[in-house]
Amino acid sequence: MEPVRRCLTEFSLEAHDLYLNQSVPHLEGPPDPLQFYRDWIGSNKPCIIHNAFNHWPALSRWTPAYLREKVGSKVISVAVTPNGYADAVHRDRFVMPEERQMSFSSVLDVIEGKVEKQGVFYIQKQCSNLLDELPELTADVEPHVSWMSTALGKLPDAVNFWLGEANAITSLHKDHYENLYCVISGEKHFILLPPTDRPFIPYGLYQSAVYTQSDGGDFEVIDQSDTEKVPWIPLDPLDPDLERYPSYRQAQPLHCTVKAGEMLYLPSLWFHHVRQSHGCIAVNFWYDMEYDIKYNYFQLLEALSGATESE
């Protein structure tokens with residue numbers, strides 16, 4: 001396997017030398033659809049776009065008072081964890097959050113410190129939770145990003161709403177979507193790694209489980225014994241265990257902060273880890289990626305990387 005490892009390392013280094021940026025570039029305004037496809041989607045590179053949704057009423061309207069008035073009584077899905085990590089490896093388990101049904105106002109009470117509760121709360125349910133659970137807010141944004149829909153020739157598969165505490169963290173993972181991530185208030189902190197760094201990112205297979213909070217407030221990890229094991233990344237890029245995962249030394253992560261009024265284009269198959277300021281609100285659009293030769297190449301890279309890990 002050593003020749004394969006050398007080839008994978010050279011593959012990644014060549015990508016960084018030839019076309020990947022050393023930082024996330026900024027665009028000053030909404031791009032031309034064809035130009036955006038050529039420069040960013042086709043080349044699978046992230047960028048931060050300014051002035052792309054200045055016209056959204058949400059930027060000025062979405063205060064706690066407005067949200068309480070508009071959707072305060074709505075019951076929504078909220079992820080609750082003991083440590084802020086939902087959908088993450090904890091010891092030898094892949095642990096998902098407790099999905100709790102709460103009124104929007106009760107979530108704001110926790111985030112604003114008006115009530116004290118054990119655990120970390122995060123509105124993060126995907127599958128178009130903005131459209132399905134909070135349709136009253138859709139008039140304050142757009143149903144899709146017109147130039148992105150034109151560039152891709154399709155509408156988004158999902159439009160998601162995010163609101164949470166500062167210690168709610170999204171563990172390192174990748175998605176099969178072209179992602180436009182729009183920060184409405186506060187800021188998001190991203191760690192990004194390109195698909196070509198896959199040889200340096202460790203994976204394991206984990207028993208799936210969920211957090212459950214008892215009446216006394218303690219959290220337990222309950223196995224989901226009837227499910228298949230989940231492939232996930234055990235490494236925390238904030239504090240990587242380089243003795244256990246030495247190959248991560250060769251990864252070249254990008255760090256960027258997306259502030260209120262800014263939009264991050266996060267390309268499909270890029271690995272990302274996300275933190276946020278307290279009470280940050282964001283909306284993102286997921287466009288399904290094209291399952292073309294780029295995806296085919298990545299599957300080959302994935303298979304070869306997995307083979308060298310298990311050897």
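Which residues are linked with Arg-68 in a network of salt bridges? Asp-109, Glu-112 and Lys-114 are linked with Arg-68 in this network. The legends below describe close-up views of a predicted model.

**Figure 1. A salt-bridge network contains Arg-68, Asp-109, Glu-112 and Lys-114.** Within this network, Glu-112 and Arg-68 form a salt bridge whose closest N and O atoms are 2.6 Å apart. Glu-112 sits in the loop between α5 (104-111) and β8 (120-123), and Arg-68 belongs to helix α4 (residues 64-71), so the pair ties together parts that are 44 residues apart in sequence. Glu-112 is partly exposed, at a relative accessible area of 37%. Arg-68 is also partly exposed, with 24% relative accessibility. Side chains of opposite charge can pair when their charged atoms come close. The count for the model comes to 13 salt bridges.

**Figure 2. Arg-93 forms a salt bridge with Asp-223.** The closest N and O atoms of the two residues are 2.7 Å apart. This pair links distant parts of the chain, with Arg-93 in strand β6 (residues 93-96) and Asp-223 in strand β14 (residues 219-223), 130 residues apart. Arg-93 counts as partly exposed at 23% relative accessibility. For Asp-223, likewise partly exposed, the relative accessible area is 36%.

**Figure 3. Glu-290 and Lys-154 meet through their side chains in a salt bridge.** The N to O distance is 3.0 Å. Distant parts of the chain are linked here: Glu-290 lies in the loop between β19 (281-288) and α8, and Lys-154 in the loop between α7 and β9 (158-164), 136 residues apart. Glu-290 has 39% relative accessibility and counts as partly exposed. Lys-154, at 24%, is partly exposed as well.

**Figure 4. Helix α2 (residues 33-41) has buried residues at Pro-33, Phe-36, Trp-40 and Ile-41.** These residues cover an arc of only 70° around the axis, which puts them on the same side of α2. Elements that cover the buried residues include the strands β1 (26-27), β2 (47-50), β11 (177-185) and β17 (262-266). The helices α7 (146-152) and α8 (293-310) are also among the covering elements. At the N-terminal end of α2, Asp-32 acts as a cap. A side-chain oxygen of Asp-32 lies 3.1 Å from the backbone nitrogen of Leu-34.

**Figure 5. Nine strands form an open sheet with mixed pairing.** The strand order is β1-β2-β17-β11-β19-β9-β8-β3-β7. At the edges stand β1 and β7 (98-103), each with a single partner strand, so one side of each is left without a neighbour in the sheet. Within the sheet, β11 and β17 run antiparallel and are joined by four bridges. Cys-182 has Met-263, in β17, as its bridge partner. Both β11 and β17 also help cover the buried residues of α2.

**Figure 6. Ser-305 is a buried residue in helix α8.** Its relative accessibility is 0%. Leaving aside residues up to four places away in sequence, Ser-305 touches Leu-8, Arg-198 and Pro-199. Helix α8, which holds Ser-305, is also among the elements that cover the buried residues of α2.

Terms used:
Residues numbered from 1 in each chain as written. Predicted model: local features only at pLDDT ≥ 70, side-chain atom pairs only at ≥ 80, totals over all residues. Heavy atoms only, no water. Buried < 20%, exposed > 50% of the residue type's maximum accessible area, 1.4 Å probe, protein only. Helix = DSSP H or I, 4+ residues; strand = E, 2+ residues; numbered from the N terminus. Arc of directions from axis to C-beta. Contact = heavy atoms within 4.5 Å. Polar contact = N/O pair within 3.5 Å; in protein donor to acceptor, adjacent residues only side chain to side chain. Salt bridge = Lys/Arg side-chain N within 4 Å of Asp/Glu carboxyl O. Pairing = 2+ DSSP bridges.
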